[in-house]
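Let's take a friendly walk through a protein model together. Keep the viewer open as you read, and pick out the residues as they come up.

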Amino acid sequence: MLRGLWKLTWIEIKVFLREPLGAFGTIGFPVVVFLVIGRVAGRNIPAPSLAANVFLRVGLPVLAALLIAVSSVISLVTIVSIYREGGILKRLRATPLRPQTILTAHVIVKLLLTAATLTLMVLAGKRYYPVGIHVPLLGFTMALLISTCSILSIGFLIASIVPTARFAQPIGAVIMYPMIAVSGLFVPVESLPPTLQAVAKVVPLTYTVSLLEGIWRGDTWWAHKGDVAALALVFIVCTALSAKVFRWE
């Protein structure tokens, strides 16, 4: 099973890289956003501004990390929908590979692309946008991978019910990107109106932002055990639901 998993994973990576625009959107776009916003904000916002300092040192890297995760989800939804509509999922299911192996290969591809994008962001940031702080990169990478797994489970749930590939990307974007607005990244959740605060408490990206910001600042994992538990719950619930409603054809 492992041999089939890795062979399928390698095939999916090669298929993904054949589409330059999709590859740039998933790997290059978050890095470009990180560099452009960082350089423009760092040049135009007064240095003494506390809000600007906090955003540049913490908020901007977390925003880039969120874009990595959300781009992975939208890409996953689109690919699964295309495979279903083109009959590829049906043919793969007829092979000796188990359905779990086929879906796991897609998850591994997205996790590998997430790690690659984060690495490029760190390397580019050191060269073009030094933030002047020491970050626990290993811990932050682990936090991002945990967050990405949780958010990818939402992607699988979306992919399970999206009717056609034509609507996959718009529906994924409409569901995922508004979550960033109420996640506490730009405005503290406590400052939002009561209705939006209630929405933020059930949005997975709220706990993702809290975890990523905390680990980036150097907080202990124990301090964010609630965030990890919430993301784990999202993963379990969405995975269970998608297993019930997922359509192979």
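A surface patch, as the word is used here, is made of residues with over 30% relative accessible area and no salt bridge, and nonpolar side chains are joined into one when they lie within 5 Å. Please also keep in mind that this is a predicted model.

With that definition in hand, look for Phe-24, Phe-29, Val-32 and Val-36, which make a nonpolar surface patch of about 340 Å². Val-32 is a handy place to begin, and you will find this residue in helix α2, which covers residues 20–44. Why can Val-32 belong to a patch? Its relative accessible area is 37%, so Val-32 is partly exposed and passes the cut-off of over 30% that patch members need.

Now step back to the whole chain. The protein chain has ten helices and zero strands, so read from the N terminus its elements simply run α-α-α-α-α-α-α-α-α-α. Of the 249 residues in the chain, 47% are buried.

One of the buried residues is Ile-74, with a relative accessibility of 7%. Ile-74 sits in helix α3, made of residues 50–85. If you select Ile-74 together with Gly-155, you will see a contact between distant parts of the sequence: the two are 81 residues apart along the chain, yet 7.0 Å separates their C-alpha atoms.

Next, let's look for empty space inside the model. How many cavities of 30 Å³ or more does the structure hold? There is one, and the largest cavity contains about 30 Å³ of space. Its lining is formed by Glu-12, Phe-16, Ile-79, His-106, Val-109 and Lys-110. Two elements, α1 (2–17) and α5 (99–128), each give two or more residues to this lining. Helix α5 contributes the most, with three residues. By chemical character, the lining of the largest cavity divides into three nonpolar residues, one polar and two charged.

The last stop is about charge. Side chains of opposite charge can pair when their charged atoms come close. The structure holds two salt bridges, and Arg-217 is a good residue to center on for both of them.

In one salt bridge, the side chain of Arg-217 meets that of Glu-213, with an N to O distance of 4.0 Å. Both residues belong to helix α9 (residues 204–217), and because they are four residues apart there, about one helical turn separates them. How do the two ends compare in burial, buried or partly exposed? Arg-217 is partly exposed, at a relative accessible area of 48%, whereas Glu-213 is buried, at 16%.

In the other salt bridge, Arg-217 pairs with Asp-219, and their closest N and O atoms are 3.4 Å apart. Asp-219 is partly exposed, with a relative accessible area of 31%. Because these salt bridges share partners, Glu-213, Arg-217 and Asp-219 are joined into one network.

Definitions and conventions:
Residues numbered from 1 in each chain as written. Predicted model: local features only at pLDDT ≥ 70, side-chain atom pairs only at ≥ 80, totals over all residues. Heavy atoms only, no water. Patch = residues over 30% accessible without salt bridge, like charges linked within 9 Å, V, L, I, M, F, W, Y side chains within 5 Å. Areas by Shrake-Rupley, 256 points an atom, 1.4 Å probe, with all protein chains shown as cover. Buried < 20%, exposed > 50% of the residue type's maximum accessible area, 1.4 Å probe, protein only. 1 Å grid on protein atoms, 1.4 Å probe; cavity = no way out; pocket = protein on both sides within 12 Å on 5 of 7 lines; lining within 4 Å. Points joined across faces, edges and corners; volume = space filled by probe spheres on them. Nonpolar A, V, L, I, M, F, W, Y, C, P; charged D, E, K, R; others polar.
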